[in-house]
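Subject: the structure, and what I found in it

Hi,

Here is the structure I promised to pass on. Have it open while you read, and my notes follow below.

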Amino acid sequence: MSRNELYTWVVDLLAEMFELDRAELTPQSNLYSELDIDSIDAVDLAVKLKQLTGKRLQPEVFKTIRTIDDVVNALLGVAAEQAA
């Protein structure tokens, strides 16, 4: 999956899970301050990402995620680790 496809996939997932307007989401959208995702929502997101990708984000990586682009980068990193 390309970076752009992954970004679109993450935006669609966030819009569906948290009833967000896709048109307002950008790579720099902050999950917490702009999108009102709280810590419980973040855990739900992590679980959903694992279910859909079969890949688990490490807790130290997940703690660094702040923006949609961070989610995409983390997923790309997990995919690169598994390919190596």
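Helices here are DSSP runs of H or I with at least four residues, numbered from the N terminus. By that naming, Ile-65 sits in the loop between α3 and α4. Please keep in mind that this is a predicted model.

Let me stay with Ile-65 for a moment. Buried means under 20% relative accessible area, so Ile-65, at 2%, counts as buried. What does Ile-65 touch, leaving aside neighbours within four places in sequence? Its contacts are Leu-31, Tyr-32, Leu-57, Asp-70, Val-71 and Ala-74. Take Leu-31 from that list: 34 residues separate Ile-65 and Leu-31 in sequence, while their C-alpha atoms are 8.4 Å apart in space.

Leu-31 comes up again in the core. The largest nonpolar core has 24 residues, and the members that touch the most others are Leu-14, Leu-31, Leu-57 and Ile-68. Three helices each give two or more residues to this core: α1 (3-18), α2 (39-53) and α4 (68-83). Which of the elements provides the largest share of this core? That is α1, with seven residues.

On α1 itself: this helix has 16 residues and spans 22 Å from first C-alpha to last, close to the 22 Å expected at 1.5 Å a residue. Its buried residues are Leu-6, Tyr-7, Val-10, Val-11, Leu-13, Leu-14, Ala-15 and Phe-18.

Ile-68 is worth clicking on too. Not counting residues up to four places away in sequence, Ile-68 contacts Tyr-7, Val-10, Val-11 and Leu-14, and also Leu-25, Thr-26, Pro-27, Ser-29, Leu-31 and Leu-35.

Next to Ile-68 in your viewer, have a look at Thr-67 and Asn-30. Thr-67 belongs to the loop between α3 and α4, and Asn-30 to the loop between α1 and α2. They are 37 residues apart along the chain, yet 4.4 Å separates their C-alpha atoms. Are these two buried or exposed? With a cut-off of under 20% for buried, Asn-30 counts as buried because its relative accessibility is 17%, and Thr-67 does so because its value is 16%. Beyond four places in sequence, Asn-30 touches Leu-35, Arg-66 and Thr-67. With the same neighbours left out, Thr-67 is in contact with Pro-27, Gln-28, Ser-29, Asn-30 and Leu-31.

Two residues in the loop between α1 and α2 have backbone angles to check. Glu-19, just after α1, has a positive phi of about 50 degrees, and Glu-19 is not a glycine. Asp-36 also has a positive phi, of about 55 degrees, and is likewise not a glycine. Both are placed in that loop. Exposed means over 50% relative accessible area, so Glu-19 is exposed at 75% and Asp-36 is exposed at 63%.

Asp-36 leads on to another aspartate, Asp-41, which is found in helix α2. Asp-41 counts as buried because its relative accessible area is 19%, with the cut-off at under 20%. Which residues does Asp-41 contact, once neighbours within four places in sequence are set aside? They are Phe-18 and Asp-36. Phe-18 is one of the buried residues of α1, and it lies 23 residues from Asp-41 in sequence and 8.3 Å from it in space, C-alpha to C-alpha.

Last, the largest pocket. Its volume is about 190 Å³. Here is what to select if you want to see the lining:

- Ala-46, Val-47, Leu-49 and Lys-50 are among the lining residues.
- Lys-55, Arg-56 and Leu-57 line the pocket as well.
- Pro-59, Phe-62 and Lys-63 complete the list.

Which helices supply at least two residues each to this lining? Those are α2 and α3 (59-62), and α2 gives the largest share, four residues. By type, the lining divides into six nonpolar residues, four charged and no polar. Leu-57 appears in this lining and also among the core members that touch the most others.

Cheers

Conventions: Residues are numbered from 1 along each chain as its sequence is written. This is a predicted model: local features need pLDDT of at least 70, side-chain atom pairs count only at pLDDT 80 or more; totals for chains, interfaces and linings use all residues. Side-chain values use heavy atoms; hydrogens and water are left out. A nonpolar core is a set of buried Ala, Val, Leu, Ile, Met, Phe, Trp, Tyr and Cys residues joined through side-chain atoms within 4.5 Å. Buried means under 20% relative accessible area, exposed over 50%, partly exposed in between (1.4 Å probe, protein chains only). Contact means heavy atoms within 4.5 Å. On a 1 Å grid over the protein atoms alone, a cavity is a set of points where a 1.4 Å probe fits but cannot get out, and a pocket is an open set with protein on both sides within 12 Å along at least five of seven lines; lining residues have an atom within 4 Å of a point. Grid points are joined across faces, edges and corners, and a volume is the space filled by probe spheres set on the points. Ala, Val, Leu, Ile, Met, Phe, Trp, Tyr, Cys and Pro count as nonpolar, Asp, Glu, Lys and Arg as charged, and the others, Gly among them, as polar. The expected span of a helix is 1.5 Å times one less than its number of residues.
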